[in-house]
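The following exercises concern confidence, core packing and charged pairs in one chain. Each task is followed by a worked solution.

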Amino acid sequence: MNAAIALALLGLVVYQLAILARQRRAKVFGSLLTFRVLVMFALVGVVPGLLVYTVSLQFLAKSIESWFDVRVERALEGGLNLGRAALDVMLNELLLKAHVMALDLSETPRREQPSVLARVREQAYVEEALLMTEGGQVLARASRETGKPEPPVPGVQALRDARQVRGYSAVEPVGDKGLLLRVIVSLENPTRIEDTRLLQVTHWVPQALADQARRYRARIAPTRSCRSPARG
C-alpha cells in the first residue's frame, strides 16, 4: 500500500511538472511565478528532508544496531567461555585419573604392568591408555571400542614435559578429527635402575564442544595454541 501511494504521488508530481513545462513554453501568464514558487518549496522542503533522512539513517546504522551487536557478542562470549571452562574441567579430571592409574601401576611389578593396564583403564573409565618408555616406545595399549580414530603419537616436547611432577596435559586439535585431551604422567621408579615408564591417557572431546572450542580459537585467539604443558 505504501509503495502504491508513493507511486501515485510521484505520478501526480510528474504530471504537474509536465503541465508547468507546457505552460512555460506557451508563456502562459503566471507560469514564471509558479515555477519560482516551486523552486522555493523544493529548497525549503526537499533539501532539509533529505538532510534529516541521511542523518537519521546514519544514526540507525551506527548507533542502534551497535547496541544489539554488543548484546549478541556478550552472549557469544559467555557461551565460548563456558565451553572453555568445560574443557578445563574435563582436562583436570583426566589428569587426576592418570595420576591414580600411574600410582596403581607403580605398585605393580614391571612384568605385570601390561596386563594390569587394561584393568586400571576400565576402572578409571578412560577411552585409551598407553604404557610407554621415555622415548615414546609403546609397551602396552588398552582402549575402549568407541569407533573413534586412534590418537596421534605424542611429540618430543610432550614426552619431556611428562617427566615433571604434574606431567603433561593439553587440549590438542587433530585436524578435522576434532579435539583430543591428552595427559602423560610418569610412573614412580623407586630403584632408579631401569628407565622410567610413562602413562598416556587420552579422551576425545565431544563433537559439539569441540566445534564451540574451535569457534573460540578462531574468534578470540586465532594465533594462540591450545597446548598448555603441565597445566591442569
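A salt bridge is a side-chain nitrogen of Lys or Arg within 4 Å of a carboxyl oxygen of Asp or Glu. The model to which this criterion is applied here is predicted.

**Exercise 1. Determine which residues are linked in a network of salt bridges, and describe the pair formed by Arg141 and Glu128.**

Solution.
Step 1. The structure holds five salt bridges. Glu128, Arg141 and Glu150 are linked in a network of such bridges.
Step 2. Within the pair of Arg141 and Glu128, the closest N and O atoms are 3.2 Å apart.
Step 3. Arg141 belongs to strand S2 and Glu128 to strand S1, so the pair ties together parts that are 13 residues apart in sequence.
Step 4. The cut-off for a buried residue is under 20% relative accessible area. Glu128, at 9%, therefore counts as buried, whereas Arg141, at 41%, counts as partly exposed.

**Exercise 2. Locate the salt bridges of Lys97 and of Arg163 in the chain.**

Solution.
Step 1. Lys97 meets Glu93 in a salt bridge, at 3.7 Å from N to O. Both residues lie in helix H2, four residues apart, which is about one turn of the helix.
Step 2. Lys97 has a relative accessible area of 23% and is partly exposed; Glu93, at 44%, is also partly exposed.
Step 3. Arg163 forms a salt bridge with Glu134, with 3.3 Å between the closest N and O atoms. This pair links distant parts of the chain, 29 residues apart: Arg163 is in the loop between helix H4 (156-161) and strand S3 (168-173), and Glu134 is in the loop between S1 and S2.
Step 4. Arg163 is partly exposed at 41% relative accessible area, and Glu134 is partly exposed at 26%.

**Exercise 3. Which elements give two or more residues to the largest nonpolar core?**

Solution.
Step 1. The largest nonpolar core has 28 residues, and Met101, Leu105, Leu117 and Leu199 have the most contacts inside it.
Step 2. The elements that give two or more residues to this core are helices H2 (31-106), H3 (113-124) and H5 (207-219), together with strands S1 (128-132), S2 (138-143), S4 (179-186) and S5 (198-204). H2 supplies the largest share, eight residues.
Step 3. Apart from this core lies another, of nine residues, among them Leu130, Ala158, Ala162 and Ala170.
Step 4. Beyond its neighbours within four places in sequence, Leu117 is in contact with Leu105, Ala129, Leu130, Leu131, Ala140, Arg141, Ala142 and Leu199.
Step 5. As a general background, nonpolar side chains tend to be buried together in soluble globular proteins.

**Exercise 4. How many aromatic pairs does a search of the whole structure find, and over which ring does the charged end of Arg144 sit?**

Solution.
Step 1. The search of the whole structure finds zero aromatic pairs.
Step 2. The charged end of Arg144 sits over the ring of Tyr125, at 4.4 Å from the ring centre.

**Exercise 5. State where the pLDDT of the model is high and where it is low.**

Solution.
Step 1. The chain averages a pLDDT of 80, and 81% of the residues score at least 70.
Step 2. Among the elements of the chain, S5 has the highest mean pLDDT, 92, and H5 the lowest, 66.
Step 3. Over residues 222-232 the pLDDT stays under 50; for this stretch the model has 30 contacts beyond four places in sequence.
Step 4. H5, the element with the lowest mean pLDDT, is also among those that give two or more residues to the largest nonpolar core.

Methods:
Residues numbered from 1 in each chain as written. Heavy atoms only, no water. Core = buried A, V, L, I, M, F, W, Y, C linked by side-chain atoms within 4.5 Å. Buried < 20%, exposed > 50% of the residue type's maximum accessible area, 1.4 Å probe, protein only. Contact = heavy atoms within 4.5 Å. Phe/Tyr/Trp six-rings, centres within 6.5 Å; stacked < 30°, edge-to-face > 60°. Lys NZ or Arg CZ within 6 Å of the ring centre and 35° of its normal. pLDDT = per-residue confidence, 0-100.
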